[in-house]
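Here's a protein model to explore together. Have a look at it first, and then we'll go through what can be read from it.

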Amino acid sequence: MTATAIHGVKAFRVYLEMIKVEHSIFALPFALIGMMWGTRYELHTPWPGWRVFGMIVVAMVSCRSAAMAFNRIADRDIDAANPRTKMRAIPSGLLQLRQVNLFFYGSCIVFFAACALLNPLALMLSPVALGVTLFYSLTKRFTPLCHFVLGLSLGIAPSAAWIASTGKLALPIIPITLAVVFWTAGFDIIYALQDDEFDRVHGLRSLPQSVGRQTALTISRFCHLSAIVMLSAGGIMVHAGPAWAIGVVFAAFLLGYEQSLVKPDDLSKVNMAFFTLNGFVSLGMFGFALIDQLIRS
């Protein structure tokens, strides 16, 4: 039996749960790194001002909210069939499809408005950014490389924030974008281990489903190693100081520990590996980047 759809203020917490607002901790810190590095590189100051900062946050949150709502709409039948996801807002009946559609379109409007208030290049590229984030939800239907599409949808955050704060794109931010792509793909492969049997039965694609858990974990480890290399390269290209280097070592330690928690035959610590440790990675890298900027100021 499904629950009765809720409306008004009572629905607010359900919307937050639907879009997993706490997962903003993954991409937003790297977006702020892109903002600081961009303004430092182009304007010789790490701070673009409150208006630009505010619009970057609004754009990030609204784009991600639109992507998560679209994911819930596109996957509503799949979620209903999966014991792990059947209590999500739409299959459980807590939100009607019409409500989620309105939330999706509203988030898109807010995103485009925020980009328009930033600069012409941000507005021009906004459909590309939104398109990439929406496209991920469809990729699991036809390619096991869906994890890398998710990585790209988060990885464009630092480049987008660089553009938002400077009005142009420059080469030094590209390694950080690649770092986030590899980092995200690595932890999403780990998360997908939980559903490999379900994916196989229902014709969905993921690396664990396609190549097996052990090989998928090996690919995940290669992704995280590549992320550390890219974080190092990005710091070199923007002339970051010792604080950033310490941050890279910190991230390497956490990712190594994350990989040690998950075994092909033991997924009991997947949630800790997925959310807790990766939250520390993103927040930690932002913290070290901020310290680096404060020292240089």
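## A charged trio to start with

Let's begin with some charges: D75, K140 and R141 are linked in a network of salt bridges. Keep in mind as you look around that this is a predicted model. A search through the whole structure turns up eight salt bridges, and we'll visit some of them further down.

## The overall picture

What is the chain built from, helices or strands? It has 14 helices and zero strands. If you walk along the sequence, the pattern is simply α-α-α-α-α-α-α-α-α-α-α-α-α-α.

Now for size. Taken along the principal axes, the C-alpha atoms fill a box of roughly 60 × 45 × 30 Å. The radius of gyration is 19 Å, which agrees with the value near 19 Å that a compact globule of 297 residues would have. Of those 297 residues, 53% count as buried. Among contacts between residues at least 6 apart in sequence, 74% join residues at least 24 apart.

## Inside: the nonpolar core

In soluble globular proteins, nonpolar side chains tend to be buried together. Here, the largest nonpolar core has 78 residues, and W183, L231 and W244 are those with the most contacts inside it. Helix α3 (residues 50-74) gives the largest share of this core, 11 residues.

Which residues does L231 touch, leaving aside its neighbours within four places in sequence? L231 is in contact with F30, I176, A179, W244, V248, A251 and M285.

## A tryptophan worth a click

Try selecting W37, which sits in helix α2. Is W37 buried or exposed? Its relative accessible area is 2%, so W37 counts as buried, the cut-off being under 20%. Setting aside neighbours within four places in sequence, W37 is in contact with W162, I173, I176, G234, G235, V238, W244 and Q293.

W37 also gives you a nice example of folding back in space. W37 and P158 are 121 residues apart in sequence, yet their C-alpha atoms are 9.2 Å apart.

## Three salt bridges, one by one

Start with D79 and R88, whose side chains meet in a salt bridge at 3.1 Å, N to O. D79 counts as buried because its relative accessibility is 4%.

Next come D196 and R213, with a salt bridge of 2.9 Å, N to O. D196 lies in helix α10 (residues 196-202) and R213 lies in helix α12 (residues 213-237), so this pair ties together parts that are 17 residues apart in sequence. The two partners have their own surroundings: D196 is buried, with a relative accessible area of 5%, while R213 is partly exposed at 25%.

Finally, look at D292 and R296, which form a salt bridge of 3.3 Å, N to O. Why are D292 and R296 separated by about one helical turn? Because they are four residues apart in helix α14 (residues 270-296). D292 is buried at 3% relative accessibility, and R296 is partly exposed at 31%.

## Out on the surface

How much area does the chain expose? About 13,400 Å², with carbon and sulfur atoms supplying 71% of it. There's also a nonpolar surface patch of about 280 Å², made by M124, L125 and V128. One of these, L125, is in helix α7 (residues 120-139). L125 counts as partly exposed because its relative accessibility is 33%, and partly exposed here means in between 20% and 50%.

## Two histidines with a twist

Most residues other than glycine have a negative phi. With that in mind, check out H44: its phi is near 65 degrees, a positive value in a residue other than glycine. H44 is found in the loop between α2 (24-43) and α3. Is H44 buried or exposed? H44 is exposed, with a relative accessible area of 65%.

H239 is another one to find. Phi of H239 is near 60 degrees, also a positive value, and this residue is in the loop between α12 and α13 (242-261). H239 is exposed, with a relative accessible area of 63%.

Methods
Residues are numbered from 1 along each chain as its sequence is written. This is a predicted model: local features need pLDDT of at least 70, side-chain atom pairs count only at pLDDT 80 or more; totals for chains, interfaces and linings use all residues. Side-chain values use heavy atoms; hydrogens and water are left out. A nonpolar core is a set of buried Ala, Val, Leu, Ile, Met, Phe, Trp, Tyr and Cys residues joined through side-chain atoms within 4.5 Å. Buried means under 20% relative accessible area, exposed over 50%, partly exposed in between (1.4 Å probe, protein chains only). Contact means heavy atoms within 4.5 Å. Patches are made of residues with over 30% relative accessible area and no salt bridge: like charges are joined within 9 Å, nonpolar side chains (Val, Leu, Ile, Met, Phe, Trp, Tyr) within 5 Å. Accessible areas come from the Shrake-Rupley method with a 1.4 Å probe; for residues, only the protein chains shown count as cover. A salt bridge is a side-chain nitrogen of Lys or Arg within 4 Å of a carboxyl oxygen of Asp or Glu. The radius of gyration is taken over C-alpha atoms; the globule rule is 2.2 Å times the number of residues to the power 0.38.
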